[in-house]
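Here is a friendly walk through one model, from its fold to its core and a pair of backbone angles. Have the viewer open as you read.

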Amino acid sequence: MDALTIIEKFYSPGTKLYQILIEHSLIVTQKSLEIAQTQKHLNPDLEFIQKAAMLHDIGIFFTRSDAIGCRGDAPYICHGYLGRKLLDEQGLPPEYGLVCERHTGAGITKENIRSNNLPLPQRDMVPISIEEKIICVADKYHSKNPKNAAKKTTTLQIIEDLGKIDQDHAKRFSIWAEEFKI
Ligand SMILES: [Fe+2]
C-alpha cells in the first residue's frame with residue numbers, strides 16, 4: 001500500500017490543499033518516527049506509523065476550512081472519523097482508519113462528544129495502541145494553517161491550548177508527553 005497513491009485519488013497535486021496536506025503529513029510522520037525511538041521497549045510498528053501518519057488527515061477535504069483550502073460541507077472536527085470511513089472503504093486494514101478517527105485533540109471521549117453536543121458519532125475516539133498515541137501526539141506539534149507557520153509549538157503551549165477545549169484532553173496529552181519525553 002502506497003500512502004501517496006491513496007492521497008492522490010482525492011487530492012490534486014498542484015493545489016494549495018494538496019501542498020498543505022503533504023507538508024503537514026510529512027512533518028507529522030517525521031515527528032512520529034522520532035517519538036517512536038523513545039518507545040522501543042513497546043516495539044512500535046515503524047512501517048505502519050510511516051504510512052498511517054501520512055494518511056491521518058486524509059479526511060480534511062470533506063470539511064470546511066477556508067484557511068487551508070478545504071471546501072467540503074462537514075465541520076472540521078469531523079475530518080478524523082470521515083477519514084476513517086474513507087480508508088475503510090478503500091479496503092485498508094482497520095488500524096489505519098482508527099488512527100484517523102482517534103487523532104483529533106488528544107482523542108475525544110464518548111462522554112465529551114455527548115456533553116459538548118459535538119457533531120460526531122457517539123463512540124470513544126481516544127488513541128489506544130502505541131502507534132495511535134504517537135501519531136496523535138506528533139500531530140499537535142504542527143499546524144496546517146499557514147498563519148501559524150512561523151510559530152514554534154511547545155509542549156506547554158499544546159497542554160494549555162487543549163485545556164481551553166477540555167481539561168481531560170490536557171490531562172491525557174500531559175501523560176503521553178511525559179511518557180514520550182517531549
Ligand atoms: Fe494532522
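Read along the sequence, the protein chain runs α-α-α-β-β-α-α-α-α-α-α, with nine helices and two strands. Helices (H or I, at least four residues) and strands (E, at least two) are DSSP runs, numbered from the N terminus. This is a predicted model: local features need pLDDT of at least 70, side-chain atom pairs count only at pLDDT 80 or more, and totals for chains, interfaces and linings use all residues. Residues are numbered from 1 along each chain as its sequence is written.

The C-alpha atoms fill a box of roughly 40 × 35 × 35 Å along the principal axes. Buried residues (20 or more other C-beta atoms within 10 Å of their own, against 12 or fewer for exposed and in between for partly exposed, with C-beta atoms placed from the backbone) account for 37% of the 182 residues.

The largest nonpolar core (buried Ala, Val, Leu, Ile, Met, Phe, Trp, Tyr and Cys joined through C-beta atoms within 7 Å) has 38 residues, of which A52, A53, L55, I134, I135 and A138 touch the most other members. Elements giving two or more residues to this core include α3 (46-55) and α7 (130-139). Beyond four places in sequence, I135 has contacts (C-beta atoms, placed from the backbone, within 7 Å) that include V28, A52, A53 and H103.

Most residues other than glycine have a negative phi. Here are two with a positive one:

| Residue | Phi | C-beta neighbours inside 10 Å |
|---|---|---|
| N117 | about 55° | 7, exposed |
| K181 | near 55° | 8, exposed |

N117 sits in the loop between α6 (110-115) and α7, while K181 follows α9 (167-179).

Definitions and conventions:
Two residues are in contact if their C-beta atoms, placed from the backbone, lie within 7 Å.
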